[in-house]
Amino acid sequence: MRDVLSGGGQMKVLEELLGSCAAWPSPDMTDAAIEGHSPCSEPAGPNGRPPSIGGRNLFEMFERLGVAAFVLHPWDYTEKIEMTSSLGSLLGSEREGIKCLKDLLALIAEPWRSAVEAALKAPVGQGSTLQFPLRLDAGACAGVPATLSALWLDGAEGAGLVGTIGLSSAERRMEPPELAESYRALAEVIPDIILVHQDGKIVYANRAAKRHARCPSDDCLLGMPILDFLAPESRVTFSERLAGMSATNQPAQFAEEKAVALDGTEFDIEATSIATLWGGRPAFQAVARVITERKEVEKKLRAQAALVDAISDAVIVAEGKRFKDLIITSWSRGAEEIFARTSEEVVGKPLSAVFVGSEQLAGPAWRQLSRRGRFAHEADLVRADGEWFPAHLSISLLRDESGNATGCILLITDVTARKASEEAHRELQDRHSAVVAALDEGVLVIAGDGRVEFANNAAERILHLQSPAAGCHFTELRWSLISPEGKALDAAEWPAVKTVLTGEASTNEVCGVATPEGVVWISVNSRALGGPDASGCYSTVCSITDVTETKSAREQLAHAATHDHLTGLPNRSGMEERMRRLAADHPGSVAVLFADLDSFKFINDSLGHGVGDAVLASVAGRLSAIASREGFEVGRLGGDEFVVVCPRVETAEAALGIAGDILEQLRSPTKVPDADGGRHSVALTASLGVAVVDSTKLGVEGLACADLAMYAAKQAGGNRAEIFDDELRVRARDRQEMREDLAGALARKELHVVYQPIVNRRRKVTSYEALLRWKHPIRGDIPPSTFIPVAEEAGLIVEIGEWVLRQAAEAAVRWRRAGHRARLSVNLSGRQVSEPGLVAAVRDVLEQTGLEPSALYVEVTESSLIQNVTSAAEVLADIKALGVGLAIDDFGTGYSSLSYLDQLPFDVLKVDRSFVSAIQDAESDCTLVSGIVSLAHSLGLSVVSEGVETPEQAAVLTGLGVDLMQGYLFGRPGKPPE
């Protein structure tokens with residue numbers, strides 16, 4: 001093998017080792033591919049490697065020639081490696097860390113390192129070369145292309161390896177490490193940015209780079225990381241291109257990046273990079289052109305193109321100095337849709353040949369266009385399919401820098417829809433004019449200068465105009481206008497004129513117009529037509545409706561809503577409004593008198609509602625006479641309740657004096673007609689409540705105080721007046737507290753039921769009456785006569801009454817099962833009788849408790865029936881149909897007791913204790929009781945006497961024929977029988 005080094009063989013090896021370049025292996029090359037790249041036809045040497053030449057002399061020759069070479073002898077990856085001084089200079093600072101071949105291979109990045117290692121381990125032919133990126137300095141972001149030419153040694157020194165490392169042919173063609181002066185001078189004056197960066201940092205920046213980077217000094221860029229010159233979004237792609245350039249030994253392609261100046265301003269650049277040397281070491285030179293302005297122009301052009309494409313009108317550009325020379329150079333998407341011709345069909349063709357109608361541009365039109373630079377008219381054009389359509393043409397002239405015509409831009413709008421709309425609008429206007437002329441509602445159009453532009457027939461009729469209004473100024477119409485309150489109005493106060501002056505609309509404003517036939521009341525709606533004119537006034541349209549009849553009817557309705565139809569006095573709503581006005585007009589104390597007629601129910605029911613209405617009208621007249629004389633306000637709140645409000649009456653004594661006058665006036669008999677043509681003389685009494693309150697409390701509080709005082713007068717026997725004072729206030733508060741306590745009494749189990757026996761003539765108990773009791777935790781036992789009315793007022797009596805019925809029924813079932821056959825009697829209030837669910841509630845109690853219907857009696861008081869006898873009769877008949885007995889309680893205390901007995905299906909009549917208490921012995925006058933007993937028996941009713949407390953009373957009642965008796969003589973209310 002030694003003869004290989006002689007003659008041509010030695011020269012071949014030297015040529016290979018000195019840098020003959022083969023193709024670079026691909027980074028993803030497999031071991032097999034690498035083996036195939038360098039085939040070896042020599043027999044194997046030591047360690048399976050081919051025999052080679054002795055290398056010591058060859059290494060010394062490389063040292064003398066300045067070749068970057070190394071020698072490894074003997075062959076071992078971990079043995080010390082010898083390097084020529086040229087290789088040391090090439091490696092720079094990396095040389096100190098290279099002790100063996102592994103250290104040298106560490107300068108090669110993956111995947112090329114694996115490829116080189118595989119090639120070195122496999123049989124390598126003489127003169128074989130490999131190319132790879134070599135990192136020449138620690139911290140460099142990329143390497144430079146390098147070649148490795150290796151030869152195995154097999155001589156006296158033993159097996160070894162000698163190789164050379166050099167830059168690729170592209171690197172060898174670069175300029176010297178420093179830029180030549182001429183090149184530097186050129187780099188300083190060109191407008192493009194030139195940056196040289198080494199090890200990732202800028203080492204040179206030309207004048208353009210400093211200007212665009214906005215450098216405050218010449219050397220502020222030097223030493224700055226090259227990536228800091230780029231915006232964050234461009235740094236990754238820039239680094240990837242540098243790495244790719246190092247791997248392929250090719251300049252980077254031009255790419256758009258985003259650069260950033262030192263003050264943070266970003267700008268667009270188009271840049272490329274090439275590998276170079278700086279200071280004898282690899283570096284990169286970046287050349288960039290600022291394209292921010294170009295990109296803005298491109299952006300505007302794209303926006304303009306998009307805008308043109310988005311316009312539905314046709315945009316056509318034609319170039320030429322004369323009309324006959326016009327050639328279409330641009331045809332928008334809108335033009336394609338309007339003319340049904342594509343851009344490819346028409347661009348490059350004469351304008352006159354594309355669409356019919358272009359000849360209208362010739363002659364005077366073209367001359368006018370040339371003179372003024374703009375021309376517009378409407379013409380009929382034709383589409384590709386021969387269909388004609390109306391179009392609006394707007395043409396602008398194109399000129400060169402010298403002002404000479406170079407063509408024109410045409411904007412063509414298809415106005416077919418507009419023409420159709422205009423025609424339809426004209427037809428609609430004609431129809432509207434006909435409709436407005438036929439309206440019963442008046443229509444006026446008034447110009448901003450006050451001139452009437454239009455008035456339909458209805459307006460002239462409603463306003464009683466003697467001559468046509470159109471063309472007249474509104475002041476010439478000589479209207480006499482009146483406000484709803486009767487005040488004369490100036491012409492400027494008319495709603496339509498106010499809209500002319502201010503532009504503010506008016507809606508349903510009512511005013512009167514005085515005419516020879518009387519006042520015509522009109523409702524006016526006015527609206528401004530558009531904005532103000534030069535004088536700040538508005539054209540106005542107003543509609544006028546004759547509301548004379550409507551206004552009269554509305555006033556009647558308003559009066560009916562606030563006044564009592566029977567007496568003509570203000571009702572509750574009307575009085576509340578008057579009291580609000582009084583409170584505003586008369587600050588200070590005001591007296592309120594609340595009047596309720598005594599025994600009016602008796603008059604109404606006994607003499608008839610006609611007589612009752614006549615009595616109410618008479619009372620209203622008398623109160624009105626007093627009110628008119630004294631300056632008071634009087635109203636009817638409902639039923640037989642009246643209120644009198646007396647301003648300037650500030651003391652209770654004065655108010656009581658007025659109340660006395662009212663009572664005196666009412667006591668005077670009045671004659672009222674009846675339905676038969678006769679007349680009744682009626683003397684009235686009333687219960688009056690008087691309250692003196694501050695005018696600010698005149699409304700609800702004043703009425704409430706007077707009502708409480710009236711209630712006190714009623715309790716005191718009527719025909720009197722009571723003043724509201726602190727005592728009444730306390731009683732009212734106590735009553736309210738009782739209402740609140742009673743609301744929770746059932747839940748707190750404070751209510752309970754006791755039972756009082758009812759006996760026959762032989763003193764045998766035949767039934768028990770269930771009686772409700774309330775044991776208050778603080779007040780103690782509260783009598784039923786106190787809390788039952790409160791329960792009725794509060795609406796609690798229905799719930800409590802159903803609870804009493806159920807409790808008593810359950811007790812009756814128990815005592816009847818125990819052998820006591822006594823029946824049960826339960827009281828019903830008038831409120832319960834008026835409830836629609838009473839019959840169902842009684843039925844449910846019977847079914848759920850199992851009490852026989854015949855064992856139950858329900859008692860109703862006479863006073864609870866007279867409110868509505870017909871309705872009560874229906875409810876009681878339904879209860880009786882269940883098999884339950886009926887009893888009328890407290891008989892003799894009502895107003896017309898005897899008249900109801902034949903209308904209601906009672907079984908038992910209970911004589912009120914007030915008649916029984918008058919019986920002291922056998923000599924007592926028993927005429928009333930005897931009459932009641934005889935009447936009841938004649939109607940088939942059993943009679944029960946209440947309140948029997950002495951044997952003498954029992955003896956007398958038994959002698960009178962009373963069937964049953966009840967009272968303390970026979971037993972007090974207590975627990976049910978066991």
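The numbered points below describe selected features of this structure, which is a predicted model.

1. Salt bridges in total. The model has 29 salt bridges. Three of the pairs, and one network, are taken up in the next points.

2. Aspartate 192 and arginine 289. These two side chains form a salt bridge, with N to O at 3.0 Å. The pair joins distant parts of the chain, its members being 97 residues apart. Aspartate 192 lies in the loop between α8 (181-189) and β6 (193-198), while arginine 289 belongs to strand β10 (residues 281-290). The two ends differ in their cover. Aspartate 192 has a relative accessibility of 16%, so it counts as buried, the limit being under 20%. Arginine 289 has a relative accessible area of 48% and is partly exposed.

3. Arginine 451 and glutamate 453. Here too the side chains meet in a salt bridge, with an N to O distance of 3.7 Å. Arginine 451 is partly exposed at 34% relative accessibility. Glutamate 453, at 41%, is also partly exposed.

4. Aspartate 564 and arginine 636. The closest N and O atoms of this salt bridge are 3.0 Å apart. Aspartate 564 sits in the loop between α19 (548-562) and α20 (572-585), and arginine 636 sits in strand β24 (residues 633-638). With their positions 72 residues apart in the chain, the pair links distant parts of it. Both aspartate 564 and arginine 636 are buried.

5. A salt-bridge network. Salt bridges also link Glu769, Glu859, Lys910 and Glu946 in a network.

6. The sheet that holds β6. Five strands make up an open sheet with antiparallel pairing, and their order is β7-β6-β10-β9-β8. At the edges are β7 (201-205) and β8 (255-260), each of which pairs on one side only. On average, neighbouring strands of this sheet are turned by 40 degrees against each other, direction ignored. Within the sheet, β6 pairs with β7 in the antiparallel sense over four bridges. Glutamine 198 has lysine 201 as its bridge partner in β7. Strand β10, which carries arginine 289, follows β6 in the strand order.

7. Histidine 197. Is this residue of strand β6 buried or exposed? Histidine 197 has a relative accessible area of 1%, so it is buried. Leaving aside neighbours within four places in sequence, histidine 197 is in contact with Ile202, Val203, Ile226, Phe238, Leu242, Ala283 and Phe284. Among these contacts, Ile202 and Val203 fall within the residue range of edge strand β7, and Ala283 and Phe284 fall within that of β10.

8. Strand β11 and its partners. Five of the six residues of strand β11 (residues 314-319) are buried, which leaves the strand mostly covered. β11 pairs with strand β15 (residues 405-414) in the antiparallel sense over six bridges. It also pairs, again in the antiparallel sense, with strand β12 (residues 327-331), here over four bridges. Glutamate 319 takes part in both pairings: its bridge partner in β15 is glycine 407, and its bridge partner in β12 is isoleucine 327.

9. Helices α27 and α29. The axes of helix α27 (residues 797-817) and helix α29 (residues 838-849) come within 10 Å and cross at roughly 30 degrees. Angles under 35 degrees count as roughly parallel, and α27 and α29 are therefore roughly parallel to each other. Their crossing is right-handed. On the α27 side, the residues that meet α29 are Glu802, Leu805, Arg806, Ala809, Glu810, Val813 and Arg817. On the α29 side, the residues are Ala841, Val842, Val845, Gln848 and Thr849.

10. Lysine 419. Which residues does lysine 419 touch, not counting those up to four places away in sequence? They are Glu378 and Pro390. Lysine 419 belongs to helix α16 (residues 416-438). With 33% relative accessibility, lysine 419 counts as partly exposed. The C-alpha atoms of lysine 419 and alanine 391 are separated by 9.7 Å, and the two residues are 28 residues apart along the chain.

Terms used: Residues numbered from 1 in each chain as written. Predicted model: local features only at pLDDT ≥ 70, side-chain atom pairs only at ≥ 80, totals over all residues. Heavy atoms only, no water. Salt bridge = Lys/Arg side-chain N within 4 Å of Asp/Glu carboxyl O. Helix = DSSP H or I, 4+ residues; strand = E, 2+ residues; numbered from the N terminus. Buried < 20%, exposed > 50% of the residue type's maximum accessible area, 1.4 Å probe, protein only. Pairing = 2+ DSSP bridges. Axes fitted to C-alpha atoms, helices over the stretch in contact; angles between N-to-C directions. Parallel < 35°, antiparallel > 145°, perpendicular 65-115°, else oblique. Left-handed = near helix turned anticlockwise from the far one by under 90°. Contact = heavy atoms within 4.5 Å.
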